[in-house]
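Me: I'm new to reading structures of proteins with DNA. Could you walk me through this one, feature by feature?

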Number of protein chains: 2
Amino acid sequence: MATIYDVSVLAGVSLATVSRVMNNNTKVSDKTRQKVLDAMASLDYRPNTIAQSLASNCSNSVGVLVSQLDGPFYGPMMTEIETSLRSANKHVIIAAGHSDEAQEKSGVEFLMSRGCDALILDVEAVSDEYLIKLYKGTTPIVLINRYIEAIKDCCIYLENEQGGYMATNYILSLGHKDVAYVSGPMSKRDAQDRLLGHKRALAEYGLAFDDELWYEGNFREFGGNDAMNHLLTLDKKITAVVCASDQMASGVIAVCLENGIKVPDDISIIGYDNIPFPQYISPKLTTVSNPINEMGKMAALWVLQHVYKDTKVDVDCAFAPELFIRDSAKPLTS
Amino acid sequence: MATIYDVSVLAGVSLATVSRVMNNNTKVSDKTRQKVLDAMASLDYRPNTIAQSLASNCSNSVGVLVSQLDGPFYGPMMTEIETSLRSANKHVIIAAGHSDEAQEKSGVEFLMSRGCDALILDVEAVSDEYLIKLYKGTTPIVLINRYIEAIKDCCIYLENEQGGYMATNYILSLGHKDVAYVSGPMSKRDAQDRLLGHKRALAEYGLAFDDELWYEGNFREFGGNDAMNHLLTLDKKITAVVCASDQMASGVIAVCLENGIKVPDDISIIGYDNIPFPQYISPKLTTVSNPINEMGKMAALWVLQHVYKDTKVDVDCAFAPELFIRDSAKPLTS
DNA sequence: CTGTTAGCGCGTTCAT
DNA sequence: ATGAACGCGCTAACAG
C-alpha cells in the first residue's frame, strides 16, 4: 500500500504538501496540487485512516448504542444514521445494550475505548445521573428517546404524552366510552408518558380511568396476546383497546380474530409507533407515528454540527407524533 | 488520558514492559507485572486502540455490509455478529448497500478504507467476478447468503432449493393440487433456487408447473398484496399458495381476508424465512426457516478463526432450512 | 506557498 | 526478564 511518503517522492514535493492537498486546509498552488493528485492516482494511493486518526486525534467514527439491533425500530434509525454519517465520511460503530444496565454501561465503555468522536445513545436502563456524568465527560453524547432536563440540549425525543393523548382522543372522538388500555412496562418512561396522555384524553371527555381495564404489557406481540386474553376474562364491556405499541396491538388483534371478534366491527384497536408490518396486514392498523428514523437522522446531524462542525442545519430535538388513520378503528355503532 | 508512558514512569519500568503485560506475549516476572497493573489501575489507564492499530497493523474492526439495515432480516443477523465479535473485543462497522451495485461497491471501498481486518458481506447486486477479485485481495471476506463455487470456503449460505422443496412438499402432502407460487424477483439467486425447489416437489407429485399460477413478487408485503390481487383476477381454482417470503405471505393473507377468503379454511398459505412478526398474528404463519441469525454468528466465528486465530470452532457453511408448521395451512378437504 | 521537524501512543526488534 | 530505540502513516506547528 502506497503511503503519503511514496506520493511525495513521486510528486517531488514534501510530505506536508501532500497532506495539504488531502485536507485542502491551506492554499496550495494549482500546479503542485495537480502533480500531487497525479502521483496519488498513479499509485492508487489511499490514506491510512488509522494514522490520520492518531495524528489528528479524531477517529471520524461515532458509536451508536441501541437496546437491540433487531426488532422493528432500530433498523430504520440505523439506516438514517449510517446514511447521514457516511456521506460525511464518518463511520458508525454499533453496540447493543439489551436494555440491561450493566450491558449498556459496558457498551458505552466499549465504544469510548474505540476512540469514538461522539456517541449516539438509545439507552433505557442506566440512570439519569449516569448520563449526566457522561455528558460532562470529554466525549460528546446525544440521547435518543430520552429527555433529561439537566442536559436537554443533547436530547432527541418524541412527545410521548402527546402521542398517547392523540391515540385515545381519536378513539373517544369515534364515540367509544369503554376503552381498555394496554401499556408498556411502567419501568419505562415512554410507557409512563403515553399512559399519562391516555388519561388526559379520558379526562377531557369526562371519563374515569378504570384500573381494571389497564394491562401492563411489554411492548411485544405476545404481550398483546396476553393482554387481550386477560381482558377477555374480565366480564366487562369493551368497545376499543388502545395499545402503547403496534406490536402489542397486533397481538391484541390476533387474539380477537382467534376468538371470532371482528376488528374493527366488534372492537376498535389503535396502536403506537407506526412500524411497517401492521400496515400491510388485515385490518390495516390505525396508529400514531413514532418517527424513529427521523430522530436517528437528527442525531446524526447533531453530531455533524456539534462535533464535526460540518453543517449548519437546525437541529430540532422534540418530535411530534402524528395520527395515521387506517382500518382497525371505526365509529362506535350500537 | 494516561498513556503507556505515564504508566511506565509510575511503575518504574520501561515502556516495553508495560506493553508486554498488556499483551502478555512474553514473560514478565510476577513482581513487575503487579507493579504495572497497580500503576494502570491508579491512573485509570485505557490503552489507545488507535495507536495500537497503527503500531500493530491490526484495527480489531470488522466491516459488515448488508443490503439494508432495516427490515426483519438483518437485525437478528447484526445482533449475533455484534455479540460474537464484541466478546472477542473486536468492533463492527456497518454500511448499507441498498441492493445497488454502485452502492455496494462504494460500501466495500468505504469499509476497506477504514482499515477493517475483515469484511462480512451480504451483497446481491455485485457480480461473482467482483467478489472473486475481492477475495484475492488482502482483506479477508466472508459472504453471507451467497454461494460462489470458486470461493466457496468463504461462503455461508442457506440451501434455498431445499427450502423451496420443503415448503411445497408439505403443501402437497396435505392433498393440495392447485397451488399458486409467489416468487421473489428472478434477478435474485435466492428466488431462483426456491422456485427450483418448488418445481422439484411438484414433479415428485406428478404435477405440472403452471406458469399462470406463478407471480413474480419482490419479497415485500405489498408484493404479496399485488400477487394475491392478481391471482384473484384469474379464473382458476387455487387451494393453496406458496410464498417465497413471509412478508409476501402476510400480504397474500391480508388480501384474502379482505376478500372474505378464510385462511386456512378456504385457502392454505405457507411462507419462507420464519421472521418473528407473522408468528404472532392470526393465523399464525406456517413457514420454512431462514436461520439468518445463525449465519451471522457463523460469519463472525469464521472471522475469529481465520483472521484473528481466536477460536477453534468448526465453521459450517451450508445451513439447512426447517419446516415450522403453524396455522396458515391445513389439509385439503373437499 | 512550501519544506522541516516533531510528535500522536503503542508494538517490536535487538541488546543486555 | 527487561530496557533502548526505531517505526507505523500522518498532522501540525514553525520556518522560510
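**Reading the model together**

Reply: Sure, let's start with one DNA strand. Around DNA strand C there are 24 residues, and the ones that come nearest are T17(A), R20(A), S29(A), I4(B) and Y45(B). Sugar and phosphate make up 63% of the strand C atoms that come within 4 Å of the protein. Keep in mind that this is a predicted model.

Me: Which kinds of atoms meet in the polar contacts with DNA strand C, say at R20(A)?

Reply: The idea is to look for N or O atoms paired within 3.5 Å. For R20(A), a side-chain N or O atom sits 2.3 Å from a base oxygen of DNA strand C. With T32(A), the side chain has an N or O atom 2.9 Å from a phosphate oxygen of that strand. Chain B joins in too: a side-chain N or O atom of N23(B) is 3.3 Å from a phosphate oxygen of DNA strand C.

Me: Which elements give two or more residues to the surface near DNA strand C?

Reply: Those are α2 and α4 of chain A, along with α2 and α4 of chain B. The one that gives the most is α2(B), with four residues.

Me: And how many residues of each class does the surface near DNA strand C have?

Reply: Sorted by class, that surface has eleven nonpolar, ten polar and three charged residues.

Me: Now for the other strand. Which residues are closest to DNA strand D?

Reply: They are I4(A), Y45(A), T17(B), R20(B) and S29(B), out of 25 residues that surround DNA strand D. Here sugar and phosphate account for 66% of the strand D atoms within 4 Å of the protein. By class, the surface near DNA strand D has eleven nonpolar, eleven polar and three charged residues.

Me: What do I4(A), S19(A) and T17(B) each use to approach a phosphate oxygen of DNA strand D?

Reply: Check whether the protein atom belongs to the backbone or to a side chain. In I4(A), a polar backbone atom is 2.3 Å from a phosphate oxygen of DNA strand D. In S19(A), it's an N or O atom of the side chain, at 2.8 Å from a phosphate oxygen. In T17(B), a polar side-chain atom lies 2.7 Å from a phosphate oxygen of the strand.

Me: Which elements each supply at least two residues near DNA strand D?

Reply: In chain A, α2 (15-23) and α4 (49-56) do, and in chain B, α2 (15-23) and α4 (49-56) do.

Me: What relates chain A to chain B?

Reply: In general, two copies of a chain are related by a rotation about an axis and a shift along it. In this case, a rotation of 180° with 0.0 Å of shift along the axis superposes chain A on chain B, with an RMSD of 0.1 Å. That is the relation of a two-fold axis. Within chain A, the C-alpha nearest the axis belongs to I93(A), at 2.3 Å. The same surface serves both copies, since 98% of the contact residues of chain A recur in chain B.

Me: Last one: is the pairing in the four-stranded sheet of chain B parallel or antiparallel?

Reply: Strands of a sheet pair through backbone hydrogen bonds, in either a parallel or an antiparallel way. This open sheet has the order β7-β6-β8-β9 in chain B, and its pairing is parallel. Its edge strands, β7 (214-216) and β9 (268-270) of chain B, each pair on one side only. Neighbouring strands are turned by 15° against each other on average, direction ignored. For a close-up, three bridges join β8 (residues 240-243) of chain B to β9(B), and A240(B) has S268(B) as its bridge partner in β9(B).

Technical notes: Residues are numbered from 1 along each chain as its sequence is written. Chains are lettered from A and ligands numbered from 1 in the order in which they are written. This is a predicted model: local features need pLDDT of at least 70, side-chain atom pairs count only at pLDDT 80 or more; totals for chains, interfaces and linings use all residues. Side-chain values use heavy atoms; hydrogens and water are left out. A residue is near a molecule or strand if one of its heavy atoms lies within 4 Å of it. A polar contact is a pair of N or O atoms within 3.5 Å; within protein, one must be able to donate a hydrogen and the other to accept it, and residues adjacent in sequence count only if both atoms are side-chain atoms. Ala, Val, Leu, Ile, Met, Phe, Trp, Tyr, Cys and Pro count as nonpolar, Asp, Glu, Lys and Arg as charged, and the others, Gly among them, as polar. Copies are superposed by least squares on the C-alpha atoms of residues with pLDDT of at least 70 in both. Contact means heavy atoms within 4.5 Å. Two strands pair if DSSP finds at least two bridges between them. Axes are lines fitted to C-alpha atoms, for helices over the stretch in contact, and angles run from 0 to 180 degrees between N-to-C directions.
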